[in-house]
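Let's take a walk through this one together. Have the sequence and the 3D view open side by side, and we'll go from a helix to a metal site and then out to the surface.

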Amino acid sequence: MVRIGFGYDVHVLQIGRPFILGGVHIPFEKGPLGHSDADVLLHALADALLGSLALGDIGHYFPPHDPQYRNMDSKEIVRTARTMVEEKGYALVNADMTVVLEKPRIGPYIGKMRETIASLLSVSVDSVSIKATTSEGMGFVGRGEGVQAYAVVLVARKQV
Ligand code: MG
């Protein structure tokens, strides 16, 4: 049996914040604002993993106003989502993600992000797809005010 999961996230970009995307630090003057490290891509991915088994969303397990999650490494959120999927008897088949961002150009970092995520989920790099697009100058993304990420995952029941 296979199931699909979808996740979406958005964060404001603020001057002086570190830009962490897909677990990788990208040098830039702005970074996503958030309670954790605000890794929009890992948040969308974690929500897709949870969504695949109707387990709710990351805000439920990591409440944004809980001080213990302040500046938290979002890789921990993905690890938790992965564990929850596995406890239901499922494993990730593949993940496909899109980042919508005007600046900076993230192409040079996509390989490292895919490796980071593949390692977090114990899958091969070719099971992890990350694409990037801009908003063609339109809207809040186009004005450089924010960054969005979308993720879909396929999970399959583990053979026992
Ligand atoms: Mg988020």
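First, a term we'll lean on: a residue is called buried when its relative accessible area is under 20%, exposed when that value is over 50%, and partly exposed in between. Keep in mind, too, that this is a predicted model.

With that in hand, go to helix α1. In α1, the buried residues are Val40, Leu41, Leu42, His43, Ala44, Leu45, Ala46, Asp47, Ala48, Leu49, Leu50 and Ser52. That makes 12 of the 13 residues of α1 buried, so the helix is largely enclosed by the rest of the structure. As for its length, α1 runs 18 Å from its first C-alpha to its last, close to the 18 Å expected at 1.5 Å a residue. After the helix comes Ala54, which has a positive phi, near 55°.

Pick out one residue in there, Leu49, which sits in helix α1. Its relative accessibility is 2%, which is why Leu49 counts as buried. Now find Val78: Leu49 and Val78 are 29 residues apart in sequence, yet their C-alpha atoms are 8.2 Å apart in space.

Another α1 residue takes us to the metal. Which residues coordinate the magnesium ion? They are Asp9 through OD, His11 through NE2 and His43 through ND1, at 2.1 to 2.2 Å. Along the chain, these donors follow the spacing D-x1-H-x31-H. The two histidines tie distant parts of the chain together, with His11 in strand β1 and His43 in helix α1 (residues 40-52), 32 residues apart. Both His11 and His43 are buried.

Stay with β1, but turn to the surface. Here Ile4, Phe6, Tyr8, Val10, Phe140, Tyr150 and Val152 form a nonpolar patch, and together they have about 610 Å² of accessible area. Where do these residues come from? Strands β1 (2-15) and β7 (146-157) each supply at least two of them. The largest share, 4 residues, is from β1. On the β7 side, take Val152: its relative accessible area is 32%, so Val152 is partly exposed.

The patch also leads us into the aromatics. Searching the whole structure turns up 4 aromatic pairs. In one of them, the rings of Tyr8 and Tyr150 have their centres 4.9 Å apart and their planes at 50°, so this pair is tilted. Tyr8 in strand β1 and Tyr150 in strand β7 are 142 residues apart, so to speak a link between distant parts of the chain. Are these two tyrosines buried, partly exposed or exposed? Tyr8 has a relative accessibility of 33% and therefore counts as partly exposed; Tyr150, at 32%, is partly exposed as well.

Phe19 and Phe28 make another pair, with ring centres 6.3 Å apart and planes at 65°, so this one is edge-to-face. Phe19 counts as buried because its relative accessibility is 1%, whereas Phe28 has a relative accessible area of 27% and is therefore partly exposed.

Back at the tyrosines, there is one more partner to add: Phe6, Tyr8 and Tyr150 form one aromatic cluster. Those three residues also belong to the nonpolar patch on the surface.

Definitions and conventions: Residues are numbered from 1 along each chain as its sequence is written. This is a predicted model: local features need pLDDT of at least 70, side-chain atom pairs count only at pLDDT 80 or more; totals for chains, interfaces and linings use all residues. Side-chain values use heavy atoms; hydrogens and water are left out. Patches are made of residues with over 30% relative accessible area and no salt bridge: like charges are joined within 9 Å, nonpolar side chains (Val, Leu, Ile, Met, Phe, Trp, Tyr) within 5 Å. Accessible areas come from the Shrake-Rupley method with a 1.4 Å probe; for residues, only the protein chains shown count as cover. A salt bridge is a side-chain nitrogen of Lys or Arg within 4 Å of a carboxyl oxygen of Asp or Glu. Buried means under 20% relative accessible area, exposed over 50%, partly exposed in between (1.4 Å probe, protein chains only). Rings of Phe, Tyr and Trp (its six-membered ring) pair if their centres lie within 6.5 Å; planes under 30 degrees apart count as stacked, over 60 as edge-to-face and the rest as tilted. Donors are N, O and S atoms within 2.8 Å of the metal (3.2 Å for Na, K and Ca); water is not among the atoms, so sites may look incomplete. The expected span of a helix is 1.5 Å times one less than its number of residues.
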